[in-house]
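Biologist: I would like to learn how to read a structure of this kind, one feature at a time. Where do we begin?

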Amino acid sequence: MVHRLPPLHTGKPRHEHGVIRPIDGASLPFAVIEGEAPGPCLLVTAGIHGSEYTSIEAALRLSRRPARGLRGSILVLPVINMSALRQRAIYVAPEDGRNLNRMFPGRSDGSFTERLAHWLMTEVYPLADAYLDLHGGDLSEALAPFSLFPRDSEASRELAAVFGLPVAVAAGGEGYTINAASRLGKPSVLAEVGGNGVWAEDGVAQLLAGIDRVLAHLGMIHTRPAPAGPVRVMTMWVPTADEEGLWYPAKRLGEEVQAGETIGEIRTLFGDVIATVAAREAGSVLYTLSSLWVNKGEALLGVGTLLE
Ligand SMILES: [Zn+2]
């Protein structure tokens, strides 16, 4: 078992894959696809959340892509957290109960997830010229495809438009993969497709088509992928549960909501309403918690509001 990734540029087209052990307790698959000519490096990660299967399957298929016709290198880490995949974990790493996509930049002397974030930040992200982090709705989330980009990065916004999912969300906040990589100057997009523990060919194809458009945009392939449809740029509001209880959304995925309108309720086991969630502004539902039960502090749904 090796502890470091192999070189991305050797001057010889190749397809190298294996398992690395970058920190104690983590073994994860990697693939390096080095093309026939030198060029940029596209980094693709998935499986930060182990139950987002559409994105994991898309990354695994990408990792088997032939080197033929490629310029530059693709580095794929298709399952960042293997134990989350094995245990069908939701949101967090089984090792320490932390959500890796909130842990950046991480710490070299921290918990398992903090050390994994630190490794990505110091050893992996610096290798990339562009970064795609593939996700989807988790086991307990229904989701309409959208991407997220760090709102202060124009290059990332352009990459999200190229990727071509129908909605691109300008995201703020700290601790996320794409914000961390963007801090290093890497154009970064987080793509969300699929959900509820289901994976299907159309969702996998949607992610692979986006990756092809990015490869063409970076000059790494010369074939012309199918163009994307229109991309609407939005902000997203994510209300969280003030109380634990039973979650009853009042809106379906993709449905329009008006400002002030009730979009869901939390009730006790005996049916009493203990929290009512009203829309902060008009928009449409990008994802919803599909679990009947919600714990205090968990995200209930995402409402996207058009930015332009
Ligand atoms: Zn995720």
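Modeller: Begin with N196, which counts as partly exposed because its relative accessibility is 32%. The model is a predicted one.

Biologist: Where in the chain does N196 sit?

Modeller: N196 is placed in the loop between strand 9 (188-192) and helix 6. Its backbone is worth a look as well: N196 is not a glycine, yet it has a positive phi of about 60°.

Biologist: Which residue other than glycine has a positive phi near 70°?

Modeller: That is Y91. Y91 lies in the loop between helix 2 and helix 3. Its relative accessibility is 22%, so Y91 counts as partly exposed.

Biologist: How should I read the peptide bond from F104 to P105: is it cis or trans?

Modeller: Look at omega. For the bond from F104 to P105, omega is near 10°, and the bond is cis. P105 has its place in the loop between helix 2 and helix 3 (112-124).

Biologist: Now a helix. Which residues of helix 1 are buried?

Modeller: A residue is called buried when its relative accessible area is under 20%. Helix 1, residues 53-62, is mostly covered, with eight of its ten residues buried. These are Y53, T54, S55, I56, E57, A58, A59 and L62.

Biologist: What do the buried residues of helix 1 pack against?

Modeller: Their partners include four strands' worth of entries to find on the display, and I will name them: strand 2 (28-34), strand 3 (37-45), strand 4 (71-77) and strand 5 (130-135), together with helix 2 (82-86) and helix 6 (201-217).

Biologist: Helix 6 has come up again. Which salt bridge links E201 in helix 6 to a distant part of the chain?

Modeller: To read a salt bridge, look at the closest N and O atoms of the two side chains. E201 forms one with R61, with those atoms 2.9 Å apart. The partners are E201 in helix 6 and R61 in helix 1, 140 residues apart. E201 is partly exposed because its relative accessibility is 46%, and R61 is partly exposed because its value is 26%.

Biologist: How many salt bridges does the rule count?

Modeller: The count comes to 13. One of them joins R14 and E16, whose closest N and O atoms are 3.0 Å apart.

Biologist: Is R14 buried or exposed?

Modeller: R14 counts as buried because its relative accessibility is 15%. E16 has 29%, so E16 counts as partly exposed.

Biologist: What is the N to O distance between E265 and R267?

Modeller: The side chains of E265 and R267 meet in a salt bridge at 3.1 Å, N to O. Besides that pair, K251, R252, E255 and E261 are joined into one network by salt bridges that share partners.

Biologist: Let us turn to domains. Into which domains is the protein chain divided?

Modeller: There is domain 1 (14-232) and domain 2 (238-303). Their centres, taken over C-alpha atoms, are separated by 28 Å.

Biologist: How many residues of each domain are in contact with the other?

Modeller: For an interface, take the contacts, then the area, then the kinds of pairs. Eleven residues of domain 1 touch eight residues of domain 2. About 800 Å² is buried between the two domains, 61% of it on carbon and sulfur atoms. The rule finds zero salt bridges across this interface, while five residue pairs are in polar contact, both residues at pLDDT 80 or more.

Biologist: Which elements give two or more residues to the side of domain 1 that touches domain 2?

Modeller: They are strand 6 (141-143) and strand 8 (167-171). Strand 6 gives the most, with three residues. That side of domain 1 divides into eight nonpolar residues, two polar and one charged.

Biologist: Is S284 buried or exposed?

Modeller: S284 counts as buried because its relative accessibility is 7%. S284 lies in strand 15 (residues 283-289). Leaving aside neighbours within four places in sequence, its contacts are M234, G254, E255, E256, G302, V303 and G304.

Biologist: And H222: buried or exposed?

Modeller: H222 is exposed because its relative accessible area is 69%. H222 is found in the loop between helix 6 and strand 10 (232-237). The C-alpha atoms of H222 and L70 are 8.1 Å apart, with their positions 152 residues apart along the chain.

Key: Residues are numbered from 1 along each chain as its sequence is written. Side-chain values use heavy atoms; hydrogens and water are left out. Buried means under 20% relative accessible area, exposed over 50%, partly exposed in between (1.4 Å probe, protein chains only). Contact means heavy atoms within 4.5 Å. Domain bounds come from an automatic or database domain assignment. Buried area is the accessible area (1.4 Å probe) that two parts lose on being put together, summed over both. A salt bridge is a side-chain nitrogen of Lys or Arg within 4 Å of a carboxyl oxygen of Asp or Glu. A polar contact is a pair of N or O atoms within 3.5 Å; within protein, one must be able to donate a hydrogen and the other to accept it, and residues adjacent in sequence count only if both atoms are side-chain atoms. Ala, Val, Leu, Ile, Met, Phe, Trp, Tyr, Cys and Pro count as nonpolar, Asp, Glu, Lys and Arg as charged, and the others, Gly among them, as polar.
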